[in-house]
Structures are given as structure tokens and as C-alpha cells.
Amino acid sequence: MPIIHHCFDDYHRSGIPLDYALKRIANYTPNIPAPYWDVIGSFVRDVVRDVQCATSKPVLNLLPVMARYVLWSWQKAGIGFDRETLFRREMIEEFIDHACPTLKSASRGTYRSRLLHARRTLLDAEDAGVYFDPTPLAPADPMRPYTPQELSALHTWASGQHSVTRRRDAATLLALGAGAGLASEDIVRLKTDDITIDGLGVLLKVTGRRSRLVPVLETWEQPIMDAVMAIGPGLPVFGAQRTSFNNNAVSNLVARSSGVGIKPSLQRLRVTWMLHHLNVGTPVPHLMKAAGIETLDAFDRYLRFLPEPDANEFRTALRGGLPEESAS
């Protein structure tokens with residue numbers, strides 16, 4: 001347990017009474033699903049209260065960061081409510097690396113500083129006065145594809161929205177991004193009449209600047225089919241009540257969405273879709289056509305994410321694979 005001391009003089013000078021700060025902590029509720037907060041809420045409030053009582057300045061801005069970190073630790077890393085385990089430095093670093101990929105470098109650094117400050121305050125009281133970590137963070141890579149674990153977290157994000165309509169839009173957004181590589185301008189223009197569902201799967205007719213046909217990956221077809229059935233003919237498949245083609249509709253939904261932890265980036269969803277096709281050997285001309293890409297130069301940025309082939313795979317692929325009857 002931390003060494004608790006109340007710094008009333010410091011709080012008086014800061015203009016925020018200590019009892020006010022503690023009341024704010026006790027009443028804090030973040031914008032995450034209530035069932036999750038019911039499990040982690042008391043622990044989060046207790047942790048921030050103890051940090052507050054051992055620190056000579058207000059730490060109310062630690063509340064949303066701590067809620068996000070504890071939820072991630074509980075859901076994704078399987079960590080319980082043991083402070084010694086939860087506030088290991090490597091756990092904090094993993095959270096910053098894997099659960100905050102869409103945040104700018106400065107924001108990720110702020111998150112890490114606040115969590116490290118809490119760690120030092122709770123586990124190493126003599127170092128409680130240090131509020132930041134000097135090690136710089138590299139900028140988040142907006143081109144990095146999502147890992148299977150991150151995609152699972154995005155499914156959780158979509159299913160955690162507060163209404164049927166928002167859950168449908170969130171699921172549709174993921175499917176159009178990771179299942180078809182669509183950008184915001186493509187998604188906001190797509191109507192249910194532009195979607196063909198037949199024995200070959202789901203086919204999207206993308207209109208606008210990069211008009212094209214895009215078959216949807218089989219694993220992402222269902223959310224799109226569900227949306228078409230729910231919305232009906234002639235309406236936008238994403239945000240059916242919209243009356244304009246506002247490219248900000250996608251970013252607005254993500255920004256206002258419920259939940260903490262990872263939220264989707266359409267750029268990374270498109271990269272994930274692209275890398276899937278390159279990995280499974282989709283013919284490049286087909287992929288270029290579906291992606292709306294006109295030159296091979298566009299693939300340069302993705303090549304560093306492809307795995308190195310083993311020696312046998314490398315030789316077999318480049319040998320030509322002649323049919324047996326031709327080789328005899």
C-alpha cells in the first residue's frame with residue numbers, strides 16, 4: 001500500500017480543494033458499457049484515489065486513462081486486480097504499444113507518463129514526485145496492419161455500442177474496411193442497391209472518384225448482408241439516416257463511439273485487407289483493380305509487412321510450377 005499524505009496547502013494553491021478532487025473520483029463514470037464498469041469501477045476509483053492522496057497536485061486527468069488501461073488489462077491480457085501485477089512497467093508498455101495505436105505520439109506519451117506516475121506512487125512511494133518518463137515514444141505507424149488480437153478487440157468495440165443502429169454501423173464499418181479495403185469516401189457513398197448478394201458472395205459497386213467492383217472477403221460478408229436486410233433498398237448501408245455524402249461521417253462515428261481501448265482506423269483496416277490478399281497470393285492485377293490502384297508503386301509501402309518466405313517456398317514459387325505431364 002502507498003504512503004498516504006494529504007497536501008492541503010498544495011491543493012489550496014492549485015485552486016482545487018482535495019475534498020473536491022476526491023468527490024470527483026468517487027462519482028466518476030467513463031463512457032464504457034455499464035457491465036464492464038460494474039466490474040472494474042471500484043478498483044479504478046480506489047487506485048486513482050490512492051494516487052491522489054499521495055500526490056501534491058490534482059490527478060483527475062488520470063481517471064479516463066486508468067479506466068482504459070484497467071479495462072484492457074482485464075479483457076485482453078487476463079490480468080486481475082492485483083496492483084503489483086497490473087502496474088508492472090512491461091504491462092504499461094504493452095498497453096501503449098498495442099491498445100493505443102490510433103493515438104498520436106504525444107497522446108501516447110501522456111498516457112504512459114500518467115500510468116508510470118501511478119505505478120511509482122502506488123508501488124515505490126519514494127519516487128512519487130516524478131510525473132513523467134523521459135524515454136521518447138516513436139510515432140504510431142498508421143500503416144501497420146491489425147493483428148488477429150486487435151481485430152478481436154475491434155469486434156468487441158463494435159458489439160459494445162449503445163444502440164442497435166450504432167452496433168450495426170460499427171460492424172458494417174469494420175466489414176467494409178477489413179473485408180473490402182474501402183476508404184471513407186467509398187463507404188459514405190455506398191448504398192444497399194450497390195451491393196450484390198449471390199452464390200459467389202457479396203460484391204460491392206463502389207462509386208465516386210475510384211469507381212470499381214470489390215468482392216468482399218468471405219469472413220466479413222455477414223455484417224454487410226445483415227445491414228442490407230435491416231436497412232432496405234436505396235439507403236446508405238452505413239448511417240442509413242444520413243442525407244448527405246459527408247466524408248466525416250465515419251470519423252465522427254468512431255470519435256463519438258462508446259468504449260475504451262482500441263478503436264478502428266480505416267487506413268489500417270485497408271492495409272489489413274491488402275496484406276491479406278498479398279499473403280494468400282491474390283493475383284496482383286485483380287488486387288489492383290479491387291483496390292482502385294493504378295500503379296505497382298502503391299504496393300511499396302506494404303511490402304515490409306509481408307513475411308519472409310522459407311527457402312523451399314521461395315524456390316518452388318520461382319521455379320514456375322510446370323504441370324507434371326509437361327515436365328515428363
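Trainee: In what order do the three strands of the open sheet stand?

Mentor: The model is a predicted one. Its open sheet has three strands, and their pairing is antiparallel. The order is S1-S2-S3.

Trainee: Why is one side of strand S1 and of strand S3 left without a neighbour in the sheet?

Mentor: Strands of a sheet pair through backbone hydrogen bonds. S1 covers 195–198 and S3 covers 212–215. One side of each has no neighbour because both stand at the edges, each with a single partner strand.

Trainee: By what angle are neighbouring strands of this sheet turned against each other on average?

Mentor: The value ignores strand direction. On average, the turn between neighbours is 20°.

Trainee: Which residue in S3 stands opposite Val206?

Mentor: Strand S2 spans residues 201–206. S2 and S3 pair in the antiparallel sense over four bridges. Opposite Val206, S3 places Arg212.

Trainee: Which helix gives the most to the largest nonpolar core?

Mentor: That core has 53 residues. Elements that each supply at least two residues include S2, helix H9 (164–178) and helix H13 (266–280). With seven residues, the one giving the most is H13.

Trainee: Which residues have the most contacts inside the largest nonpolar core?

Mentor: Leu173 is one of them. Not counting residues up to four places away in sequence, Leu173 touches a set that includes Trp157, Phe238, Val250 and Leu269. The residues with the most contacts inside the core are Leu173, Leu182, Leu204 and Met274.

Trainee: How many residues does the other core have?

Mentor: This core lies apart from the largest one. Among its members are Tyr28, Ile40, Val44 and Val51. Its residue count is 37.

Note on methods:
Residues are numbered from 1 along each chain as its sequence is written. This is a predicted model: local features need pLDDT of at least 70, side-chain atom pairs count only at pLDDT 80 or more; totals for chains, interfaces and linings use all residues. Side-chain values use heavy atoms; hydrogens and water are left out. Two strands pair if DSSP finds at least two bridges between them. Axes are lines fitted to C-alpha atoms, for helices over the stretch in contact, and angles run from 0 to 180 degrees between N-to-C directions. A nonpolar core is a set of buried Ala, Val, Leu, Ile, Met, Phe, Trp, Tyr and Cys residues joined through side-chain atoms within 4.5 Å. Buried means under 20% relative accessible area, exposed over 50%, partly exposed in between (1.4 Å probe, protein chains only). Contact means heavy atoms within 4.5 Å.
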